[in-house]
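Welcome! Open the sequence and the structure side by side, and try each exercise before you read its solution.

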Amino acid sequence: MSAAPPPGGRERRGLVGPFSGRQIAVVASVVLVAAAVLVVGTAPIAAPAPSLAPVDPAATQYAIGPAGGGLAPGRRPPELAVEGPGGGRGPATTLDGDPIGLADLRGRVVWVDFWASWCPPCRAETPALRDLYERHRADGLEMIGVSVQESSAEDIRRYVAAYGIRYPIVADLTGAIFRDWQVYGLPTQFLLDREGVIRAVVQGPVDAETAENLVAPLLAEEPRATPAP
């Protein structure tokens with residue numbers, strides 16, 4: 001015996017076979033959501049843009065070697081010398097290929113910053129150092145960034161362009177200068193007076209106020225008549 005038709009004499013049928021429109025809509029929604037999740041989950045993630053945030057007060061030095069005595073204030077540091085392809089040593093050059101040496105900078109206050117583009121506290125402090133240099137370069141401040149443990153000089157150039165850095169950068173790709181200066185963490189700052197003598201060593205990142213307080217007294221000093229040995 002066949003089933004009785006619904007009231008009104010007309011049998012209700014699904015939109016597709018036995019399925020109603022509501023059921024099809026629910027299934028379609030589930031499929032679309034699943035597809036969206038799959039697309040998001042498998043799409044390549046772009047590299048994050050360089051952060052221009054101020055230094056995190058909790059940021060600390062990124063250690064890349066065992067802590068040691070290091071160069072102390074009152075000493076003159078060794079010259080900037082890098083390793084060549086054959087293993088010999090030669091004068092350091094900037095990313096533009098210009099030679100740079102500490103002896104040529106006597107009479108200026110020199111800030112030497114050891115850093116790396118992959119180092120979070122280094123990235124955080126870069127704007128403070130960049131702005132310090134721009135603010136005081138006419139007052140006799142020279143800043144040298146020594147980049148260590150980088151894959152290539154091109155990585156450093158991209159970083160320099162992203163942050164608008166205009167002070168000289170040395171690519172210490174073999175770590176020769178890093179070892180000569182007995183550095184064990186990044187960032188590490190050396191502040192040299194006008195005679196080339198280390199006056200301060202900072203293990204870790206600095207903010208704008210700290211950087212200003214470090215450099216201002218040295219910029220105000222007159223060169224000594226008799227350089228320190």
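## Exercises with worked solutions

P187 lies in the loop between β7 and β8. Keep in mind throughout that this is a predicted model.

**Exercise 1. Find the peptide bond that leads from L186 to P187, and say whether it is cis or trans.**

Solution. Begin in the loop between β7 and β8, where P187 sits. Next, look at the omega angle of the bond from L186 to P187, which is near -10°. The bond is cis.

**Exercise 2. Look at Q149 and Q182: in which loops do they lie, and what sign does phi have in Q149 and in Q182?**

Solution. Take Q149 to start with: its place is the loop between β5 and α3. Its phi is near 55°, a positive value in a residue other than glycine. Q149 has a relative accessible area of 48%; buried means under 20% and exposed over 50%, so Q149 is partly exposed.

Now turn to Q182, in the loop between α4 and β7. Here too phi is near 55°, and again the residue is not a glycine. With 38% relative accessibility, Q182 is partly exposed.

**Exercise 3. Find the disulfide, name its two cysteines, and give its handedness.**

Solution. A search of the whole structure turns up one disulfide. It joins C119 to C122, with a distance of 2.5 Å from S to S. A disulfide is a covalent bond between the sulfur atoms of two cysteines. To find the handedness, use the angle about the S-S bond: at 70°, the link of C119 and C122 is right-handed. Finally, check the surroundings: both C119 and C122 are buried.

**Exercise 4. Describe the setting of H136: which helix holds it, is it buried or exposed, and which side chain does its own side chain meet in a polar contact?**

Solution. H136 belongs to helix α2, which covers residues 120–136. Its relative accessibility is 11%, so H136 counts as buried. The polar contact of its side chain is with the side chain of E212, at 2.9 Å. To complete the picture, set aside the neighbours within four places in sequence; H136 then touches L141, E212, V215 and L219.

**Exercise 5. Work out how the buried residues of helix α3 are arranged around its axis.**

Solution. First, list the buried residues of α3 (residues 153–163): I156, Y159, V160 and Y163. Looking down the axis, you see these buried residues within an arc of 100°, so they line one face of the helix. A general rule helps here: an α-helix has 3.6 residues a turn, so residues three or four places apart point the same way.

Next, ask what this face meets. The buried residues of α3 pack against β4, α2, β5 (141–148) and β6 (169–172). On the face turned away from the buried side are the exposed residues R158 and A161. After α3 comes G164, with a positive phi near 65°.

**Exercise 6. Trace the aromatic cluster that includes F114, and classify its pairs with W181 and F190.**

Solution. The whole structure holds six aromatic pairs. In one of them, F114 and W181 have their centres 5.6 Å apart and 55° between the planes, and the pair is tilted. F114 is in strand β4 (residues 109–115) and W181 in the loop between α4 (176–180) and β7 (185–186), so the pair ties together parts 67 residues apart in sequence.

Now take F114 with F190: the centres are 5.9 Å apart and the planes stand at 75°, so this pair is edge-to-face. It links distant parts of the chain, with F114 in strand β4 and F190 in strand β8 (residues 188–192), 76 residues apart. Together, F114, W181 and F190 form one aromatic cluster.

As a last step, check burial. F114 is buried, at 0% relative accessible area; W181 is buried, also at 0%; and F190 counts as buried at 2%.

**Exercise 7. How many residues has the largest nonpolar core, and which have the most contacts inside it?**

Solution. The largest nonpolar core has 49 residues, and W111, F114, I144, I177, W181 and F190 are those with the most contacts inside it. The largest share of this core comes from β4, with six residues. In soluble globular proteins, nonpolar side chains tend to be buried together.

To explore further, select I144 and leave aside its neighbours within four places in sequence: its contacts include L80, I100, W111 and V170.

Methods. Residues are numbered from 1 along each chain as its sequence is written. This is a predicted model: local features need pLDDT of at least 70, side-chain atom pairs count only at pLDDT 80 or more; totals for chains, interfaces and linings use all residues. Side-chain values use heavy atoms; hydrogens and water are left out. Helices (H or I, at least four residues) and strands (E, at least two) are DSSP runs, numbered from the N terminus. Buried means under 20% relative accessible area, exposed over 50%, partly exposed in between (1.4 Å probe, protein chains only). A polar contact is a pair of N or O atoms within 3.5 Å; within protein, one must be able to donate a hydrogen and the other to accept it, and residues adjacent in sequence count only if both atoms are side-chain atoms. Contact means heavy atoms within 4.5 Å. A disulfide is a pair of cysteine sulfur atoms within 2.5 Å. Rings of Phe, Tyr and Trp (its six-membered ring) pair if their centres lie within 6.5 Å; planes under 30 degrees apart count as stacked, over 60 as edge-to-face and the rest as tilted. The arc is that of the directions from the helix axis to the C-beta atoms. A nonpolar core is a set of buried Ala, Val, Leu, Ile, Met, Phe, Trp, Tyr and Cys residues joined through side-chain atoms within 4.5 Å.
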